[in-house]
Amino acid sequence: MTARGRLVLFAAGAGALFLALLAASARLPAGGYPGPYGTVLNRVAVLERHTTDVVAAVTYDYRGFDTMGEEMILFAAVAGAALLLRRTRSEWTGPEDLDHLPDRSVADPSDAVRVTLLLLVPVAITFGAYLAMHGQVSPGGGFQAGVVLVTAPLLVYLGTRARLLVEIAPGASVELGEGAGILGYLLTGVAGLVVGGDYLDNFLPLGRLADVFSAGTILALSVAVSLAVAAGLAQMLISFVEETLRQEG
Amino acid sequence: MSLLRHAILLLAVLSGTGVVATRDPVAQAVTLSFHGLVLSTLFFLHAAPDVALSQVVVGAVVLPLMFLLALAKVRRQRVTRPQGRR
C-alpha cells in the first residue's frame with residue numbers, strides 16, 4: 001500500500017474515532033460523579049474510622065486485603081527485575097562486559113548538580129516521612145510516601161558516584177527493609193485475628209479525628225507499605241546500577 | 001475551574017503527541033517526564049491528590065529513569081558486539 005493510501009486510511013479511521021469520542025463525551029453524566037458508593041463513603045467513613053482521608057480509609061481499611069495483594073505484586077516485580085539483572089562473579093568475563101564503552105569512563109557530576117541534589121535529600125526524606133505518618137489525616141499514605149522516600153537515594157546516586165548509592169543503601173539493609181515492610185503488613189492483619197476479630201481488622205484505638213495517632217491500623221499499615229515500597233524501588237535501582245559499580249571498583 | 005481542566009487536558013494531549021514525535025529515545029525520556037508532570041496536574045485538578053502525588057514521582061522520575069537505565073543496558077550490547085545481528 002502506498003504512503004498516500006495509508007494516510008487516507010488513517011484519516012478515515014481517525015475521523016470516525018473522533019466523532020465517536022465526541023458522541024461519547026456528550027453522554028457523560030452532567031454534574032460529575034453520579035454513583036452511590038462515593039456518597040455513602042463520604043457520609044460514613046469519617047465517623048466510622050475517625051479519618052479525614054477517605055481514600056486511605058478505603059485503601060487500608062475497607063479494602064485492606066486488596067492492598068495486601070498489590071504489595072505482593074510490587075514485591076514480585078522487584079524480585080523478578082533483580083533476578084533478570086543478576087550477574088554472578090563467575091559470569092564476569094572481563095572489561096568488555098561493562099555497561100558502557102570501555103574507553104569512556106563515568107563522568108563526575110558538576111558541583112552545581114551535586115550541591116542542588118544533595119540539598120534536596122533532607123527535603124525528600126522529611127516529606128516522605130510526613131506522608132507516611134499522615135496518611136489518615138491528609139492526602140498521602142503508604143505508597144506515596146514510599147515513592148517520595150526512594151527519591152532520596154536516587155538523588156544521592158545522581159549527584160555523586162554510583163558507589164555512594166550502595167554505601168548508603170547496602171543490599172542487605174534494602175532487602176531487610178522490604179521484607180520488614182511486607183511482614184509488618186501481614187502481621188498487622190494477623191494481630192487482628194489474635195485479638196479476636198477478622199484478618200486485617202481495625203482493632204487499634206481509633207483516637208480523635210484529625211490526630212496523627214488516630215484511625216487505628218491505618219497508620220501502621222501506611223508505615224509498613226511505605227517501607228516496603230521505598231525498599232523495593234531502591235532494590236530495583238541498585239540491581240540496575242550494579243554493572244556501573246563494577247567498573248568503578 | 002472547568003476551563004482550567006479543559007486546558008490541562010489539551011496540554012496532556014499535546015505532550016503525549018510530543019512524546020511520540022520525539023525520535024531519540026534519550027530525549028524521549030525527558031518528554032516522558034514532562035508528560036507525567038502534566039498528567040499529575042490533571043489528576044490534581046480532578047480532585048484526586050493521592051493519585052497526583054504518586055504520579056509526580058512515578059511518572060516524572062521513576063519511569064524515565066527505568067527507561068534510561070534499560071537504554072544503557074541495550075546500547076552496550078549493540079556497541080560492543082557489532083558483528084551480531086542488527
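**Serine environments and salt bridges**

In the predicted model, A:S138 is in contact with A:T52, A:D53 and A:Y130 once its neighbours within four places in sequence are left aside. One of these residues, A:Y130, also takes part in a polar contact, in which its side chain and that of A:S138 are joined at 3.3 Å. A:S138 is placed in the loop of chain A between α5 (111-133) and α6 (142-159). The relative accessibility of A:S138 is 15%, and the residue therefore counts as buried, the cut-off for this class being under 20% relative accessible area.

A serine of chain B, B:S40, is found in a helix, namely α2 of that chain (residues 25-45). B:S40 has a relative accessible area of 6% and is buried. When residues up to four places away in sequence are not counted, B:S40 touches B:A52, B:Q55 and B:V56. For B:A52 a polar contact is also found: the side chain of B:S40 reaches the backbone oxygen of B:A52 at 3.2 Å.

Salt bridges were searched for over the whole structure, and three were found over all chains. One of them pairs A:D61 with A:R49, with 2.7 Å between the closest N and O atoms. A:D61 belongs to helix α3 (residues 54-62) of chain A and A:R49 to helix α2 (residues 36-49) of chain A, so this pair ties together parts that are 12 residues apart in sequence. The acidic partner, A:D61, has a relative accessibility of 10% and counts as buried.

A salt bridge is also formed by A:D66 and A:R63, whose closest N and O atoms are 3.5 Å apart. A:D66 counts as partly exposed, at 40% relative accessibility.

In helix α5 of chain A, A:D111 and A:R114 lie three residues apart, which is about one turn of the helix. The side chains of A:D111 and A:R114 meet in a salt bridge with an N to O distance of 3.2 Å. A:D111 has a relative accessibility of 55% and counts as exposed, because the class begins over 50%. A:R114, with a relative accessible area of 31%, is partly exposed.

With regard to burial, the acidic residues of these salt bridges thus fall into separate classes: A:D61 is buried, A:D66 is partly exposed and A:D111 is exposed.

Definitions and conventions
Residues are numbered from 1 along each chain as its sequence is written. Chains are lettered from A and ligands numbered from 1 in the order in which they are written. This is a predicted model: local features need pLDDT of at least 70, side-chain atom pairs count only at pLDDT 80 or more; totals for chains, interfaces and linings use all residues. Side-chain values use heavy atoms; hydrogens and water are left out. Helices (H or I, at least four residues) and strands (E, at least two) are DSSP runs, numbered from the N terminus. Buried means under 20% relative accessible area, exposed over 50%, partly exposed in between (1.4 Å probe, protein chains only). A polar contact is a pair of N or O atoms within 3.5 Å; within protein, one must be able to donate a hydrogen and the other to accept it, and residues adjacent in sequence count only if both atoms are side-chain atoms. Contact means heavy atoms within 4.5 Å. A salt bridge is a side-chain nitrogen of Lys or Arg within 4 Å of a carboxyl oxygen of Asp or Glu.
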